[in-house]
Amino acid sequence: MSIWWSLHLRREAASVPLARRLLLGTMETAGVDPDISFDLSVALSEACANAVEHGGDDEPGGPSDAYRVTAYLDGERCRIEVADTGPGFDAGASGRPGGPARPVPADAEHGRGLCLIRELADHVHIGGTPGRTGAVVSFDKILKWRKDAPLVAV
């Protein structure tokens, strides 16, 4: 069984819960274990929030007014990708691709998103698309299914 969808969303705070609800609804309908669904929805929310906050140059009407979310439920794995057209990652950033994450205080209001994604997903890739500006955060997780799951992979 495979399900995939892709959204092109405005870089507005209201888009984050929309993407999260769509993912949760898809996984509930497919019969994914609620704990796995919750972990992935939190990771997706963090990736979307980063795209909204950092994913563009804030020129009204420009291409950086939007970002893309794509989710694949394919067999026993869910893969999610969030791509924006912003400046990408600073090589010195705490969440830089492949670099160690800097410890963030538990009460910090910013800077925890990439660390949370790494904790909640099985595999995480943070980088860009060759020849294009912007950042791409992709992550996946092996799925567990409810006993009554209607769309379990065979």
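This section describes the fold, a helix pair, the salt bridges and one buried residue of a predicted model.

The chain has three helices and five strands. Along the sequence, these elements follow the pattern β-α-α-β-β-α-β-β. The chain counts 154 residues, of which 42% are buried. Contacts between residues at least 6 apart in sequence were also examined. Of these, 64% join residues at least 24 apart.

Helix α1 spans residues 15-30, and helix α2 spans residues 34-54. Two packed helices are described by the angle between their axes and the distance between the axes. For α1 and α2, the angle is about 155 degrees and the axes lie 9 Å apart. Angles over 145 degrees count as roughly antiparallel. The two helices α1 and α2 are therefore roughly antiparallel to each other. Their crossing is right-handed.

On the α1 side, the contact is made by S15, V16, A19, R20, L23, L24 and M27. On the α2 side, it is made by S37, F38, L40, S41, V42, L44, S45, C48, A49 and V52. The residues of this contact divide into 12 nonpolar, four polar and one charged.

The structure holds five salt bridges. Side chains of opposite charge can pair when their charged atoms come close. Three of the pairs are described here, beginning with D39 and K141. The closest N and O atoms of D39 and K141 are 3.7 Å apart. D39 lies in helix α2, whereas K141 lies in strand β5 (residues 136-142). The pair therefore ties together parts that are 102 residues apart in sequence. The two partners fall into separate accessibility classes. D39 has 22% relative accessibility and counts as partly exposed. K141 has 10% relative accessibility and counts as buried.

A further salt bridge joins R77 and D140, with the closest N and O atoms 2.8 Å apart. This pair links distant parts of the chain. R77 belongs to strand β3 (residues 77-83) and D140 to strand β5, with their positions 63 residues apart in the numbering. R77 is partly exposed, with a relative accessible area of 32%. D140 is buried, with a relative accessible area of 7%.

D140 also pairs with R79. Their side chains meet in a salt bridge at 3.3 Å, N to O. This pair, too, links distant parts of the chain, with R79 in strand β3 and D140 in strand β5, 61 residues apart. R79 counts as partly exposed, at 35% relative accessibility. Together, R77, R79 and D140 are linked in a network of salt bridges.

The last site examined is A43, which lies in helix α2. At 1% relative accessibility, A43 counts as buried; the cut-off for this class is under 20%. A43 touches I117, L120 and F139, with residues up to four places away in sequence left out of the count. A43 is also paired by C-alpha distance with G113. The C-alpha atoms of A43 and G113 are separated by 7.8 Å, although the two residues are 70 apart along the chain.

Helix α2 thus recurs in several of these descriptions. It packs with α1, carries D39 of the salt bridge to strand β5 and holds the buried residue A43.

How values were computed. Residues are numbered from 1 along each chain as its sequence is written. This is a predicted model: local features need pLDDT of at least 70, side-chain atom pairs count only at pLDDT 80 or more; totals for chains, interfaces and linings use all residues. Side-chain values use heavy atoms; hydrogens and water are left out. Axes are lines fitted to C-alpha atoms, for helices over the stretch in contact, and angles run from 0 to 180 degrees between N-to-C directions. Helices (H or I, at least four residues) and strands (E, at least two) are DSSP runs, numbered from the N terminus. Angles under 35 degrees count as roughly parallel, over 145 as roughly antiparallel, 65 to 115 as roughly perpendicular and the rest as oblique. A crossing is left-handed if the near helix is turned anticlockwise from the far one by less than a right angle, and right-handed if clockwise. Contact means heavy atoms within 4.5 Å. Ala, Val, Leu, Ile, Met, Phe, Trp, Tyr, Cys and Pro count as nonpolar, Asp, Glu, Lys and Arg as charged, and the others, Gly among them, as polar. A salt bridge is a side-chain nitrogen of Lys or Arg within 4 Å of a carboxyl oxygen of Asp or Glu. Buried means under 20% relative accessible area, exposed over 50%, partly exposed in between (1.4 Å probe, protein chains only).
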